[in-house]
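Student: I am meeting this structure for the very beginning of my study, and I would be grateful for a close look at one part of it. Please begin with a single contact and let the account widen from there.

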Amino acid sequence: IGKSTLLTQLALRLAAFAQGKQVLYVCGEESPEQVKLRIERLATSVKRLGEDNLLLLAETDVDEIISQISNLKSQNLGLIIIDSVQTLATDDLAGMAGSVGQVRESTGRLIEVTKRLHIPLFLVGHVTKEGAIAGPKVLEHMVDVVVEVEGEREHDFRIVRALKNRFGATEEVGVFAMSDEGMREITNPS
């Protein structure tokens, strides 16, 4: 629908314009090669400016991800994107990635380290066929903001809305069009 595309655009812009800050993109669902293809598809001057500061990590072991975050903190790490939380697991718990316990524990560990290090964290999650966040309901309570991207694969338009926002309103929506260059804002949806 556009979650990964939108976050890749955000990562590239931050990496390009945030005074040399590094962005860590954890590839749980896609390979780094697939993410790199998306970066190349989003061929803009922003991409060329930010590409060197965008670090791709192919990892689903949450403890290894946390180790890498700790190692990268000294390199001016400014943002972490996990795509997606349902792919993460720790060997400390039984159960497969995506299970209630693994999602809860992985999220808790990531939130703890990113809050301690003062690094913003984006967790990509999925919704069920019923429209609820996949995984435990507690996940929604653990995060500050829940944003939903809606749209049909056959159509170009996407709607982005906040379902939860501890720091602001949830009444506004963003309307975007998906194109080969990524998601672009539709300023006048009428």
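Student: With which residue does K36 form a salt bridge, and how far apart are the closest N and O atoms?

Tutor: The model is a predicted one, and what follows should be read in that light. The partner of K36 is E40, and the closest N and O atoms of this salt bridge are 3.4 Å apart. This falls under the rule that a side-chain nitrogen of Lys or Arg must lie within 4 Å of a carboxyl oxygen of Asp or Glu. In general terms, side chains of opposite charge can pair when their charged atoms come close. The two residues belong to helix 2, which spans residues 32–41; because K36 and E40 are four residues apart there, about one helical turn separates them. K36 is partly exposed, with a relative accessibility of 38%, and E40 is partly exposed as well, at 39%.

By the same rule, the count for the model comes to nine salt bridges. Another of them joins R109 to D63, with the closest N and O atoms 2.6 Å apart. This pair links distant parts of the chain, as R109 is in helix 5 (residues 100–117) and D63 is in helix 4 (residues 62–72), 46 residues apart. D63 counts as partly exposed, since its relative accessibility is 29%.

R109 also forms a salt bridge with D92, and here the closest N and O atoms are 3.0 Å apart. Once more distant parts of the chain are linked: D92 sits in the loop between strand 3 (77–83) and helix 5, while R109 lies in helix 5, 17 residues apart from D92. D92 counts as exposed, because its relative accessibility of 56% is over the 50% limit. Together with E105, the residues D63, D92 and R109 are linked in a network of salt bridges.

Helix 5 leads onward to a sheet, for this helix lies across strand 3 and strand 4 and runs at about 165° to strand 4. The sheet is open and has four strands in the order 2-1-3-4, with parallel pairing. Its edge strands are strand 2 (54–57) and strand 4 (121–124), each of which pairs on one side only. On average, neighbouring strands of this sheet are turned by 15° against each other, direction ignored. Strand 3 and strand 4 run parallel and are joined by four bridges; in strand 4, L121 is the bridge partner of I80. Helix 1 packs on this sheet and touches strand 1 (22–27), strand 2, strand 3 and strand 4, its direction making about 170° with that of strand 3.

One residue of helix 1 is L7. L7 counts as buried, because its relative accessibility is 12% and the limit for that class is under 20%. Apart from neighbours within four places in sequence, L7 is in contact with I81, F122 and V124.

There is also a second sheet to consider. It is open, and its four strands follow the order 5-6-7-8 with antiparallel pairing. Strand 5 (145–151) and strand 8 (182–185) are the edge strands, each pairing on one side only. From one strand to the next, the twist averages 35°. Helix 1 (residues 3–17) packs on this sheet too, touching strand 5, strand 6 (157–165), strand 7 and strand 8, and its direction makes about 75° with that of strand 8.

Q9 has its place in helix 1. With a relative accessible area of 9%, Q9 is buried. Its contacts, not counting residues up to four places away in sequence, are L42, E181, G182 and M183.

Within the second sheet, strand 5 and strand 6 pair in the antiparallel sense over seven bridges, and they form a hairpin with five residues between them. In strand 6, R161 is the bridge partner of E148. Strand 7 (residues 173–179) pairs with strand 8 in the antiparallel sense over four bridges, and E185 in strand 8 is the bridge partner of F176. V147 lies in strand 5; with V145 and F167 it makes a nonpolar surface patch of about 310 Å².

Technical notes
Residues are numbered from 1 along each chain as its sequence is written. This is a predicted model: local features need pLDDT of at least 70, side-chain atom pairs count only at pLDDT 80 or more; totals for chains, interfaces and linings use all residues. Side-chain values use heavy atoms; hydrogens and water are left out. Two strands pair if DSSP finds at least two bridges between them. Axes are lines fitted to C-alpha atoms, for helices over the stretch in contact, and angles run from 0 to 180 degrees between N-to-C directions. Contact means heavy atoms within 4.5 Å. Buried means under 20% relative accessible area, exposed over 50%, partly exposed in between (1.4 Å probe, protein chains only). Patches are made of residues with over 30% relative accessible area and no salt bridge: like charges are joined within 9 Å, nonpolar side chains (Val, Leu, Ile, Met, Phe, Trp, Tyr) within 5 Å. Accessible areas come from the Shrake-Rupley method with a 1.4 Å probe; for residues, only the protein chains shown count as cover.
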